[in-house]
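Trainee: Before I rely on any label in this model, I would like to go through the terms one by one and see what stands behind each.

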Amino acid sequence: MTKDNLSAVLVQKGDIQLEQRPIPKPGKNEVLIAVHSVGICGSDIHYWVDGRIGDFIIKNPMVLGHESSGIVQEVGEGVTDLKPRDRVAIEPGIPCGKCEFCKCGRYNLCPDVKFCATPPFHGTLTRFYTHAADFCFKLPDNMSLDEGAMLEPLSCAVHACRRARVTAGKKVLVCGAGPIGLLNLLTAKAMGASKVCVTDISSSRLEFSRKVGADFAILVDTKETQSLVTKIHEALGGAPDITIECSGAESSITLSILATKTGGVIVLVGLGPREVTIPIAHAALHEIDIRGILRYANCYPIALDLVASGKVNVKPLITHHFKLEDSLKAFETSKTGAGGAIKVMIHCYQDS
């Protein structure tokens, strides 16, 4: 095994550096993984640019990355379901397993979860990484390691669509055509939504959404919210039963509330300002349920099956590839969207 454990470390706000770190040893019930593919998430960009996300603040150097896949190199004591050379997707959060949320199956709400690249825990943008075997999912032969890394953001979409109760025949509005919005589009269609309309401020992103399955794509080119509501209703043939808000923008949340069907559901996926002003009375008087999501729970197996079965094709979303040595360039590309970047993938693996 190579002695190289190059890692992309956020030293402080705005400063990503490459460092050599010791290769860890797997502990009990853990596996050592040669990390192969790591997708750049919006949260990675936030930590890099702002040095924080909400109450999570970078106080010490932290290895970035959490959308990951790799190849098992070594198994620790007690591991029986995985073996060296198995290709796996890594679910990045390890809950305590003891609290009320863990015991009822909502382990994403565990207050003591250890989540990759969330202070103070290091992430996966490194050659070698140890992780709990229970949260590593073996990939079938027909799935690539890049697709395995996409299971993390896809699981967010699966959780959102489950929270929204997307079922056959539902009309769905997706606000925001970034990676998470596009994955919610794909997941809603896979779960049976009859019509999906996507909104965004970018015409190029909307064109991409059409290519991957959006029935309708509406450019947000005005501050006249009611005119946008009318366009959405005309496109869908009525108000959406469900709106999945993926931008986090105050104006988009307002649009979601005003556009959604009476008695419908809004799921807030995108994270924007800590506080926003929205027409809450309209939501209350129209009995529109507003639901939040925090990551996902018990969604990786579903996401894996959606990709393996061909019901969801994540490949078109992976637009750019970089080596670990070029991590800074990868982050700059993801931040700016240069070259039509949607999902930027960093490859950490070395054959020797």
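Mentor: Let us begin with handedness: a crossing is left-handed if the near helix is turned anticlockwise from the far one by less than a right angle, and right-handed if clockwise. Helices (H or I, at least four residues) and strands (E, at least two) are DSSP runs, numbered from the N terminus. By that convention α7 passes α8 in a right-handed crossing. Keep in mind that this is a predicted model, in which local features need pLDDT of at least 70 and side-chain atom pairs count only at pLDDT 80 or more, whereas totals for chains, interfaces and linings use all residues. Residues are numbered from 1 along each chain as its sequence is written, and side-chain values use heavy atoms, with hydrogens and water left out.

Trainee: Why are α7 and α8 called oblique to each other?

Mentor: The axes, which are lines fitted to C-alpha atoms, for helices over the stretch in contact, give angles from 0 to 180 degrees between N-to-C directions. Angles under 35 degrees count as roughly parallel, over 145 as roughly antiparallel, 65 to 115 as roughly perpendicular and the rest as oblique. Helix α7 (residues 225-236) and helix α8 (residues 250-259) pack at about 55 degrees with their axes 10 Å apart, and the two are therefore oblique.

Trainee: Which residues make the contact between α7 and α8, and how do they divide by class?

Mentor: Contact means heavy atoms within 4.5 Å, and on that basis Thr225, Leu228, Val229, Ile232 and His233 of α7 meet Leu255, Leu258 and Ala259 of α8. For the classes, Ala, Val, Leu, Ile, Met, Phe, Trp, Tyr, Cys and Pro count as nonpolar, Asp, Glu, Lys and Arg as charged, and the others, Gly among them, as polar. The contact of α7 with α8 then has six nonpolar, two polar and no charged residues.

Trainee: What makes the relation of α4 to α5 oblique, and what is the hand of their crossing?

Mentor: The axes of helix α4 (residues 151-164) and helix α5 (residues 179-190) come within 8 Å and cross at roughly 55 degrees, which is why this pair is oblique; the crossing is right-handed. In α4, the residues Pro153, Leu154, Cys156, Ala157, Val158, Ala160 and Cys161 meet Ile180, Leu183, Asn184, Thr187 and Ala188 in α5. By class, this contact has 10 nonpolar, two polar and no charged residues.

Trainee: Why is α1 called roughly perpendicular to α11?

Mentor: Helix α1 (residues 42-50) and helix α11 (residues 327-336) pack at about 105 degrees, with their axes 10 Å apart, so α1 is roughly perpendicular to α11. Asp44, Ile45, Trp48 and Val49 in α1 meet Leu328, Phe331, Glu332, Ser334 and Lys335 in α11, a contact with five nonpolar, one polar and three charged residues.

Trainee: How do you know which strands stand at the edges of the six-stranded open sheet?

Mentor: Two strands pair if DSSP finds at least two bridges between them. The order of the sheet is β15-β14-β13-β16-β17-β18, with parallel pairing. Because β15 (216-219) and β18 (289-292) each have a single partner strand, one side of each is left without a neighbour in the sheet. Neighbouring strands here are turned by 20 degrees against each other on average, direction ignored.

Trainee: What shows that β13 and β14 pair, and which helices lie across these strands?

Mentor: Strand β13 (residues 171-175) and strand β14 (residues 195-200) are joined in the parallel sense over five bridges, and Val174 stands opposite Val198 in β14. Helix α5 lies across β13, β14 and β16 (242-245), at about 175 degrees to β14, while α7 lies across β13, β14 and β15, at about 170 degrees to β15.

Trainee: How many bridges join β1 to β6?

Mentor: Strand β1 (residues 6-12) is joined to β6 by two bridges, and these strands run antiparallel; Leu10 has Met62 in β6 as its bridge partner. They belong to an open sheet of three strands in the order β2-β1-β6, with antiparallel pairing.

Trainee: What makes the meeting of Lys343 and Glu67 a salt bridge?

Mentor: A salt bridge is a side-chain nitrogen of Lys or Arg within 4 Å of a carboxyl oxygen of Asp or Glu, and the N to O distance for Lys343 and Glu67 is 3.0 Å. The pair links distant parts of the chain, with Lys343 in strand β20 (residues 343-347) and Glu67 in strand β7 (residues 67-75), 276 residues apart. By this rule the count comes to 12 salt bridges.
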